[in-house]
Amino acid sequence: MRYFIQFALLLLLIQTTFAENIEAKDFESPDQERRYHALIEDIRCPVCQGQSIGGSNSSLAKDLREQVRQMILSNKSNEDIYQFMVDRYGDFVVFKPPLNWKTYLLWFAPLVFLVFCFIYLIRSTRAKDEIVTVSSGDIEKAKRLLN
């Protein structure tokens, strides 16, 4: 009985993935379909962990894919679609966030950190050629203190 319970708990720990096919969309031209697939891979799902809306099966991702499709069919530009998503969900929703005052830290913090590390590395490895001269009187003092 004990082994059965352990086996059942082990089965509960195994995570399975549920594949769901993305519904087929009809577009007016192959160019629109290419734009659609490029856009849904460049827009992050707001509820998933680092997935694009093209790779997510959440209901919000399905709604956003349909929204992107409708915007493409109504001849909106890629910038308009990105701006719609950013206005609604913030800069987080695009995998390549724009460079503005809100994202300066995101863009430049790694560079600043790298520069500080490089400066620290140079300063800490620079050889300090200080020659310490010890007189015989100092040696005698040290011998007396050790005895």
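Is Phe 108 buried, partly exposed or exposed? Phe 108 counts as partly exposed, at 38% relative accessibility. The legends below cover this residue and several other sites in a predicted model.

**Figure 1. Overview: the protein has six helices and zero strands.** Read from the N terminus, the elements run α-α-α-α-α-α. The protein has 147 residues, and buried residues make up 20% of them. About 12,000 Å² is exposed by the protein. Carbon and sulfur atoms supply 60% of that area. Among contacts with a separation of 6 or more, 50% join residues 24 or more positions apart.

**Figure 2. Tyr 104 and Phe 108 in helix H5.** By the rule used here, the count comes to one aromatic pair. Tyr 104 and Phe 108 form that pair, and the pair is tilted. The ring centres lie 6.0 Å apart, with 40 degrees between the planes. The pair is called tilted because its angle is neither under 30 degrees, which would be stacked, nor over 60, which would be edge-to-face. The two residues are four apart in sequence, about one turn of the helix. Tyr 104 is partly exposed, with a relative accessible area of 43%. Phe 108 is also partly exposed, at 38%. Leaving out residues up to four places away in sequence, Tyr 104 touches Leu 99 and Ala 109.

**Figure 3. A nonpolar surface patch of about 1,300 Å².** Tyr 104 and Phe 108 are both members of this patch. Other members include Leu 99, Trp 101, Leu 106, Trp 107 and Leu 111. Val 112, Leu 114, Val 115, Phe 116 and Ile 119 also belong to the patch. Val 112 is found in helix H5, which spans residues 104-125. How accessible is Val 112? Val 112 is partly exposed, with a relative accessible area of 41%. Val 112 can join a patch because patch residues need over 30% relative accessible area, and Val 112 has 41%.

**Figure 4. The salt bridge between Asp 31 and Arg 34.** The structure holds two salt bridges. In this one, the side chains of Asp 31 and Arg 34 meet at 3.9 Å, N to O. Both residues lie in helix H2, residues 30-42. They are three residues apart, about one turn of the helix. Asp 31 is partly exposed, with a relative accessible area of 43%. Arg 34 is exposed, with a relative accessible area of 53%. The pair counts as a salt bridge because the cut-off is 4 Å, and the distance here is 3.9 Å.

**Figure 5. The salt bridge between Glu 66 and Arg 69.** The closest N and O atoms of these two residues are 3.0 Å apart. Glu 66 and Arg 69 are three residues apart in helix H3, so about one helical turn separates them. Glu 66 counts as partly exposed, at 26% relative accessibility. Arg 69 counts as buried, at 12%.

**Figure 6. Arg 65 and the backbone oxygen of Ser 56.** Arg 65 is found in helix H3, residues 59-73. Is Arg 65 buried or exposed? Arg 65 is buried, with a relative accessible area of 1%. A polar atom of the Arg 65 side chain lies 2.8 Å from the backbone oxygen of Ser 56.

**Figure 7. Ser 52 in the loop between H2 and H3.** Ser 52 counts as buried, at 8% relative accessibility. The side chains of Ser 52 and Glu 41 are joined by a polar contact of 3.1 Å. Setting aside neighbours within four places in sequence, Ser 52 is in contact with Ile 40, Glu 41, Ile 43 and Arg 44. Cys 45 and Phe 95 are also among its contacts.

**Figure 8. Asn 75 and its positive phi.** Most residues other than glycine have a negative phi. Asn 75 has a phi near 60 degrees. Where does Asn 75 lie? Asn 75 is in the loop between H3 and helix H4 (78-89). Asn 75 counts as exposed, at 62% relative accessibility.

Terms used:
Residues numbered from 1 in each chain as written. Predicted model: local features only at pLDDT ≥ 70, side-chain atom pairs only at ≥ 80, totals over all residues. Heavy atoms only, no water. Patch = residues over 30% accessible without salt bridge, like charges linked within 9 Å, V, L, I, M, F, W, Y side chains within 5 Å. Areas by Shrake-Rupley, 256 points an atom, 1.4 Å probe, with all protein chains shown as cover. Buried < 20%, exposed > 50% of the residue type's maximum accessible area, 1.4 Å probe, protein only. Contact = heavy atoms within 4.5 Å. Polar contact = N/O pair within 3.5 Å; in protein donor to acceptor, adjacent residues only side chain to side chain. Phe/Tyr/Trp six-rings, centres within 6.5 Å; stacked < 30°, edge-to-face > 60°.
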